[in-house]
Amino acid sequence: MTQDPDGPEDRVRRFATIWGRAVYPLTATSLTRPEFEEQLVPLARQLRDALCAPVFDAGRGRAVGAALVDAHCTDPDALARALDVVESYLVLYCGGDGDREEMRSRSSRLQHSAAAGFAHALRERTLSEQEAISAAALKARSAVAQALHASEARFRAVFEGAAIGIGIATLDGTIIDVNKALLRMLGAPEHVVRSRNVSEYRHAEDSPHVWNLYGELTRGEREHYHVEKAFYRPDGTALWTNMTVSLLRGTDGEPQYQLALMEDTTERRLLNLRLRYEATHDALTGLPNRTLFFERLEKALAAGGPGRFGLCYLDLDGFKTVNDSLGHAAGDRLLVEVADRLQACATAPGEMVARLGGDEFVALITGERTEEEVDDLAGRIMHALSAPIRIDGRELTVRGSIGIVEGPAAERNAAEVLRSADITMYRAKSAGGNRFELADPEQDARAITRHGLTTALPAALARSEFFIEYQPLVHLGDGSVRGAEALVRWLHPQHGVLGPDRFIQLAEHTGLIVPLGRWVLEQAVWQARQWKERHAGAGPLRINVNLSPCQLTHPGLVSDTVEILERVGLEPGGLCLEVTESALIGADDDLLKPLRRLAEMGVDIALDDFGTGYSNLANLRRLPVSILKLDRSFTQGMQQFPADPIDLKIVEGIVSLAHNLDLSVTVEGVETGAQAEQLRELGCDTAQGWYYARPGPPDRLHQLAMADAVS
């Protein structure tokens, strides 16, 4: 067994070598194969960089496709082989440690962008060549005109020796002479060609412009014109030409003949059509790809008037499991079968199905009755997917989630429509999948806002957009301020001040909660140290900091906490870490070990939101907690007069149990003096809520603490 190349550069060169061996036989280059392979190395690096870049850039793929044309790889089969090599080997040799599903998706997109770049570069080269040919044709016209007026011998030499097709006709369209090159192009004998009038050489692809120009020339209103024109051959095939038609005048200056000079562009046109097809269709399923779909969608949205559109955005449920368990070959066959079924669902005029990539498909419908028709289309798709698909002797059940967007044209752009469909599809998937949902503008707006906040989170931390407010913790016995809870806020540039309920879950989802939580801990500990220095006579103030479930499982929790306390100079007893009850339900010893180590150091651990989970009281003894924080739901019943007696008995029982276990009790959400008095009578130790103070800047807490100290 051979060993893998040692480093990334070796892998790039191995990829370039495979690429060169596949493509070299089809090139028109004068380089040797090793020289040609060396020429491919920088292109391979571009593909690798595009594959692994943090943000995908299709422009790199287009640049590689254009570079192939510059390297004389203009044969269509050379492009096909190059794309095959990219599909088979790019991720293998250049994917690094990236997510394989994402790498394969990017590789597919690079293939499409490379094909588009190849087609564009080849088209540009063709246009340049056409300009040169047009100039040569005009020069030939002049030479033919001079030969006609000089001598028949010179005329015949130019006429028969020309590499392009030449035909001469009278002004009424009677063909009087054609050269051999033109006869070969038309595929007909001379007598057949000369028996027809120019006006008989019409083709279904002709635009009216072609014959308008012809009429102007034969009337002497113009000297020449240049058009792209098709001709029928006797075998039924089409001849495509770049044709220049010129007016020949006699020695007296009067119009006498018309001269047509034609270049055969049939193969070039077929190549361009093939490249266009490859650039706009999915290589695996043959369906229109993202590029063509967006063209059709933009055209439908730009139609305006009474037109409407409906779009079904489909994502297969559990497709990754098929890939992981049966392999990508089986996954590809599954996608092909799904594509065939979807294609069969959208056969009416104005309907199309496309593959956006991976296991994502879209179906588009246009017309004036799409409100009813799009639901029917989604139903047909769900029904088509319900039948099992047999692959490698196994029957696979395919499920899909569909997001539907429908509405009048010209109200939204294509990107907005697709984003709404994508959001709605994920809503269907979150609801259990195997269903379709209709877009809801209000839910779309909330989802877009969540997405915007999620993407802005990392930069927000770097730009110091977060700040902390502090809510005092008050001793119910004497009313003194004993500490504060640190509550992080986000000063968003567009949305203003956001509370933790708007972004903490997003931070947990993205993994940013760990660096954000460490920043909050560091800032809060530093603030507690400042309070200690500023009012030593007011007694120690403890700072409470919330820990998320993600932080609990982070291996650096203990070391980070110890390092911050030692660097800032705060005793462990000045810090309390709050952990929600739900985060510790069913916690094993590995999860509790970091909390035990912190508790042994002297850090207080509070069980937050107690009473909202399963409240397994027997489990309290094994948890390293010293404080229970009762959820505000227990205090709501005390806002009424008289207070709910059941709530009073529950709180009294919890306080008694906690004190018997040597735990102190803090109550959240205290809003009235009556609540505070009842909680004091029930034996609660500390409380926090708007009755005492809303969360505010650190100086506010300093003022409250100093007021207690002097009262």
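This passage describes the overall make-up of a predicted model and then several of its helices and strands.

The protein contains 25 helices and 21 strands. Of its 711 residues, 46% are buried. The exposed surface amounts to about 34,800 Å², of which carbon and sulfur atoms supply 51%. Among contacts with a separation of 6 or more, 65% are made by residues 24 or more positions apart.

Near the start of the numbering, attention falls on a pair of helices. Two packed helices are described by the angle between their axes and the distance between the axes. For helix H1 (residues 8-23) and helix H2 (residues 33-52), the axes come within 8 Å and cross at roughly 125 degrees. This angle makes H1 oblique to H2. The crossing of H1 and H2 is right-handed. On the H1 side, the residues in contact include Val12, Phe15, Trp19 and Val23, while those contributed by H2 include Phe36, Leu40, Leu43 and Leu47. Charged residues also take part, among them Glu9 and Arg13 of H1 and Glu37 and Arg48 of H2.

Helix H5 spans residues 100-150 and includes Ser113. With a relative accessible area of 7%, Ser113 falls below the 20% cut-off and is therefore buried. Leaving aside residues up to four places away in sequence, Ser113 touches Ala58, Gly61 and Arg62.

An open sheet is built from 5 strands in the order S2-S1-S5-S4-S3, with antiparallel pairing. Strands S2 (175-178) and S3 (224-232) occupy the edges; each has a single partner strand, so one side of each lacks a neighbour in the sheet. From one strand to the next, the twist averages 25 degrees. At the S2 edge, strand S1 (residues 165-170) is joined to S2 by 3 bridges, and the two run antiparallel. One of the pairings there places Ile168 with its bridge partner Asp177 in S2. S1 and S2 form a hairpin with 4 residues between them, and in the turn Gly173 has a positive phi of about 95 degrees.

Within the same sheet, strand S4 (residues 238-249) and strand S5 (residues 255-264) run antiparallel and are joined by 9 bridges. Thr241 stands opposite Asp264 of S5. Two helices lie across strands of this sheet. Helix H9 (residues 208-218) lies across S3, S4 and S5 and runs at about 130 degrees to S3. Helix H10 (residues 266-280) also lies across S3, S4 and S5, running at about 135 degrees to S4.

Strand S6 (residues 308-317) was examined for burial and for pairing. Of its 10 residues, 9 are buried, so S6 is largely enclosed by the rest of the structure. S6 is joined to strand S8 (residues 360-367) by 8 bridges, and these strands run antiparallel. In this pairing, Leu314 has Phe361 of S8 as its bridge partner. A further 10 bridges link S6 to strand S11 (residues 399-408), again in an antiparallel arrangement. Here the bridge partner of Leu316 is Gly400 in S11. S6 thus combines burial of 9 of its 10 residues with antiparallel pairing to S8 and to S11. In a regular strand the side chains alternate between the two faces of the sheet.

Key
Residues numbered from 1 in each chain as written. Predicted model: local features only at pLDDT ≥ 70, side-chain atom pairs only at ≥ 80, totals over all residues. Heavy atoms only, no water. Buried < 20%, exposed > 50% of the residue type's maximum accessible area, 1.4 Å probe, protein only. Pairing = 2+ DSSP bridges. Axes fitted to C-alpha atoms, helices over the stretch in contact; angles between N-to-C directions. Contact = heavy atoms within 4.5 Å. Areas by Shrake-Rupley, 256 points an atom, 1.4 Å probe, with all protein chains shown as cover. Parallel < 35°, antiparallel > 145°, perpendicular 65-115°, else oblique. Left-handed = near helix turned anticlockwise from the far one by under 90°.
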